[in-house]
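The following exercises train the reader to describe a structure step by step. Please study the sequence and the structure before reading each solution.

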Amino acid sequence: MELPLSVTQIEEFRDRGYLVFRNMVPALACELMLSVTQQQLHAAQPPLEYEAVLGYPGAPASLDAPGGRTVRRLRDAYRRHECFRLFAEDRQVVARLEQLFGEPVRLNLAHHNSVMTKHPNFGTATGWHRDIRYWSFASSDLISVWLALGTENAASGGLKVIPGSHRMTILPAQLDELDFLRPDNADNQKLFAQGIPVELNKGDVLFFHSRLFHSAGRNTTPAIKTSVVFAYHGESNQPTAGTRSAAAGEVALRA
Ligand SMILES: O=C(O)CCC(=O)C(=O)O
């Protein structure tokens, strides 16, 4: 297979920490993923992550409060339905990752491995963070791959990123106990001002480095925003023994 990424794209990823591929996944495949998501949301098919349990600001107070059963993530997307596994293993995705890592690729099943659903009313915003907080690996060179199944913009609670922030040194005082950038820190406020929206449409795919700072707002539209997200690393980058990253399992992939 011809290498999908140009030298310029690889340099852009190294420099800015993310790349967007427009229309990468056909509409039919997106429609199937959406319809499976809707059925599984309706059936509350486990494993699920509820907004009320995660407890970000503005989340329902408990599972029994109004909106308490609002789902934030359908977990374990890889084993949930073939349509998600096929995306996780898509040759076009894996070939791009092989180029970026410069070696064969593994999918880690600890996180994201999920279908993210941002609901109107009870879906919460997410503060500025780096995904590396989810994993323990020898190196922080992991890449999150985010597929939009609908329109993602400021109104629907789409992502914002700080270009180049994966290369920045962040002091411990800038982070809170969950590794979110503290909103009241003056250095952080300068960083927030550099944040830009990543607008996505159905079938667009965002690749971003696990040290790239990103955030997302609430969904003010009437429709649930749905995204499928997986995380990958190069085969030489091993999860730390005894951690969730090591326990969850991995899938070795070749384009
Ligand atoms: O959709 C959102 O609120 C952001 C989710 C996110 O960045 C994450 O789960 O790491």
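**Exercise 1. Determine which residues of helix α6 are buried.**

Solution. Step 1: fix the terms. The model is predicted, so local features need pLDDT of at least 70, side-chain atom pairs count only at pLDDT 80 or more, and totals for chains, interfaces and linings use all residues. Residues are numbered from 1 along each chain as its sequence is written, and side-chain values use heavy atoms, with hydrogens and water left out. Buried means under 20% relative accessible area, exposed over 50%, and partly exposed in between (1.4 Å probe, protein chains only). Helices (H or I, at least four residues) and strands (E, at least two) are DSSP runs, numbered from the N terminus.

Step 2: apply the terms. The buried residues in α6 are V93, V94, A95, R96, L97, Q99, L100 and F101.

Step 3: interpret the result. Helix α6 covers residues 91–101, and eight of its eleven residues are buried, so the helix is largely enclosed by the rest of the structure.

Step 4: examine both ends. At the start of α6, a side-chain oxygen of D90 comes to within 2.7 Å of the backbone nitrogen of Q92. Just after α6, G102 has a positive phi of about 70°.

**Exercise 2. Describe the largest pocket and the second largest pocket by volume and lining.**

Solution. Step 1: define a pocket. On a 1 Å grid over the protein atoms alone, a pocket is an open set of points with protein on both sides within 12 Å along at least five of seven lines, whereas in a cavity a 1.4 Å probe fits but cannot get out; lining residues have an atom within 4 Å of a point. Grid points are joined across faces, edges and corners, and a volume is the space filled by probe spheres set on the points.

Step 2: treat the largest pocket. Its volume is about 320 Å³. The lining of the largest pocket consists of 29 residues, and R72, R73, M116, T126 and Y134 lie nearest the centre. Among the elements that give two or more residues to this lining are β3 (71–75), β5 (114–118) and β6 (126–129).

Step 3: treat the second largest pocket. The second largest pocket holds about 250 Å³ of space. Its lining has 13 residues, of which P57, A125, T126, G127 and F180 lie nearest the centre. Strand β6 gives the most to this lining, with three residues.

Step 4: sort the linings by class. Ala, Val, Leu, Ile, Met, Phe, Trp, Tyr, Cys and Pro count as nonpolar, Asp, Glu, Lys and Arg as charged, and the others, Gly among them, as polar. The largest pocket is lined by ten nonpolar, nine polar and ten charged residues. The second largest pocket is lined by ten nonpolar, three polar and no charged residues.

**Exercise 3. Identify the residues that come nearest to the ligand, and examine H129.**

Solution. Step 1: list the surroundings. A residue is near a molecule or strand if one of its heavy atoms lies within 4 Å of it. There are 13 residues around the ligand, and R73, K118, T126, H129 and Y134 come nearest.

Step 2: read the distances. A polar side-chain atom of R73 lies 2.5 Å from an oxygen atom of the ligand. For K118, the distance from a polar side-chain atom to an oxygen atom of the ligand is 2.6 Å, and for T126 it is 2.5 Å.

Step 3: examine H129. This residue is in strand β6 and is buried, with a relative accessible area of 3%. A polar contact is a pair of N or O atoms within 3.5 Å; within protein, one must be able to donate a hydrogen and the other to accept it, and residues adjacent in sequence count only if both atoms are side-chain atoms. The side chain of H129 makes such a contact with the side chain of D131 (3.3 Å). A polar atom of the H129 side chain also lies 2.8 Å from the backbone oxygen of G127.

**Exercise 4. Explain why C30 and C83 form no bond with each other.**

Solution. Step 1: state the rule. A disulfide is a pair of cysteine sulfur atoms within 2.5 Å.

Step 2: compare the distance. The closest cysteine sulfur to that of C30 is in C83, 10 Å away, which is too far for a bond. The count of disulfides is therefore zero by this rule.

Step 3: add the accessibility. C30 is buried at 0%, and C83 is buried at 7%.
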